[in-house]
Amino acid sequence: MSEHRLLIVEDSDEDFQAIQWALGRLERTLPLDRCVNGDDAIDWLSAPPHWPSLILLDLNLPGTDGREVLGALRADPRTRTLPVVVLSTSASERDVNECYALGANSYLTKPVNFTQFTDQLRRTLDFWLDAAQLPNREAGV
């Protein structure tokens, strides 16, 4: 099996650091790539130096927000099948419904408690990287 990589689309340094700390606590070493806004994510995915196994996408990004990134990913045959997990502080039913309508694979509300966040990340990665069979990265091309 090929090595898994994560693409984190997150403008908050604190939230990105929390992801890194949680991965360390889980003793899960994964190569990470980070984009700090939606435009960077769309540009990065147009010719990625490393193909991600999973994208963790913040919803409320400056400029091009997570909804627009999700729409762009699903409109492009090369990225249409990439699993995208939306991570947001918003628990709004409207945001949740909109993200699923745009093609999100799952929607998670970021817990404020670090222990809960770590557990949520563990369960997410266990499912997407260990249990689920992911599409071949060449499938959409």
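Begin by selecting β3 and β4, which pair in the parallel sense over 4 bridges; the coordinates on the screen belong to a predicted model. Within this pairing, pick out Leu 57, which stands opposite Val 86 in β4. Now add helix α3 (residues 66–75) to the selection, and the path from β3 through α3 to β4 can be followed as a right-handed β-α-β unit.

Stay with β3 and bring in its other partner, strand β1 (residues 6–9), which is joined to β3 by 4 bridges, the two strands running parallel. Leu 7 is a convenient residue to label here, since its bridge partner in β3 is Ile 55.

Next, show the side chains of β3 alone. The strand is mostly covered, with 5 of its 5 residues buried. Leu 54, Leu 56 and Asp 58 point one way from the strand, while Ile 55 and Leu 57 point the other way.

Asp 58, found in strand β3 (residues 54–58), deserves a selection of its own. According to the UniProt annotation, from an unreviewed entry, this residue carries the feature "modified residue: 4-aspartylphosphate". Is Asp 58 buried or exposed in the model? Asp 58 counts as buried because its relative accessibility is 5%, which falls under the 20% limit. To see its surroundings, display Val 9, Glu 10, Asp 11, Gly 66, Leu 87, Ser 88 and Lys 110, which Asp 58 touches when residues up to four places away in sequence are not counted.

From there, move to strand β4 (residues 84–88) and strand β5 (residues 106–109), which run parallel and are joined by 4 bridges. The chain passes between these two strands by way of helix α4 (residues 93–102), in a β-α-β crossover that is right-handed. For a single pair to label, choose Val 85, whose bridge partner in β5 is Ser 106.

A wider selection comes next: residues 5–125, which the UniProt annotation in an unreviewed entry labels "domain: Response regulatory". This span is 45% helix and 18% strand, and its end C-alpha atoms lie 11 Å apart.

Within helix α1 (residues 13–25), select Arg 25, which counts as exposed at 53% relative accessibility. Leaving aside neighbours within four places in sequence, Arg 25 is in contact with Phe 114, Thr 115 and Thr 118. A C-alpha to C-alpha distance drawn from Arg 25 to Arg 122 should read 9.7 Å, although the two residues are 97 apart in sequence.

Then turn to the cysteines, with the sulfur atoms displayed. How many disulfides does the structure hold? There are 0, and Cys 35 is in none, the nearest cysteine sulfur being that of Cys 99, 17 Å away. Why is Cys 99 not bonded to Cys 35? The separation of 17 Å between their sulfurs is too far for a bond, given that a disulfide needs the sulfur atoms within 2.5 Å. Both side chains can also be checked for burial: Cys 35 is buried, with a relative accessible area of 4%, and Cys 99 is buried as well, at 1%.

Finish at the aromatic rings, where a search of the whole structure finds 1 aromatic pair. Phe 127 and Trp 128 form this pair in an edge-to-face arrangement, with 4.9 Å from centre to centre and 85° between the planes. Phe 127 counts as partly exposed at 43% relative accessibility, whereas Trp 128 is buried, with a relative accessible area of 14%.

Definitions and conventions:
Residues are numbered from 1 along each chain as its sequence is written. This is a predicted model: local features need pLDDT of at least 70, side-chain atom pairs count only at pLDDT 80 or more; totals for chains, interfaces and linings use all residues. Side-chain values use heavy atoms; hydrogens and water are left out. Rings of Phe, Tyr and Trp (its six-membered ring) pair if their centres lie within 6.5 Å; planes under 30 degrees apart count as stacked, over 60 as edge-to-face and the rest as tilted. Buried means under 20% relative accessible area, exposed over 50%, partly exposed in between (1.4 Å probe, protein chains only). Two strands pair if DSSP finds at least two bridges between them. A crossover is right-handed if, with the strands pointing away from the viewer, the path from the first strand over the helix to the second runs clockwise. UniProt positions are given in the numbering used here, feature names are shortened, and annotations may be inferred rather than shown by experiment. Contact means heavy atoms within 4.5 Å.
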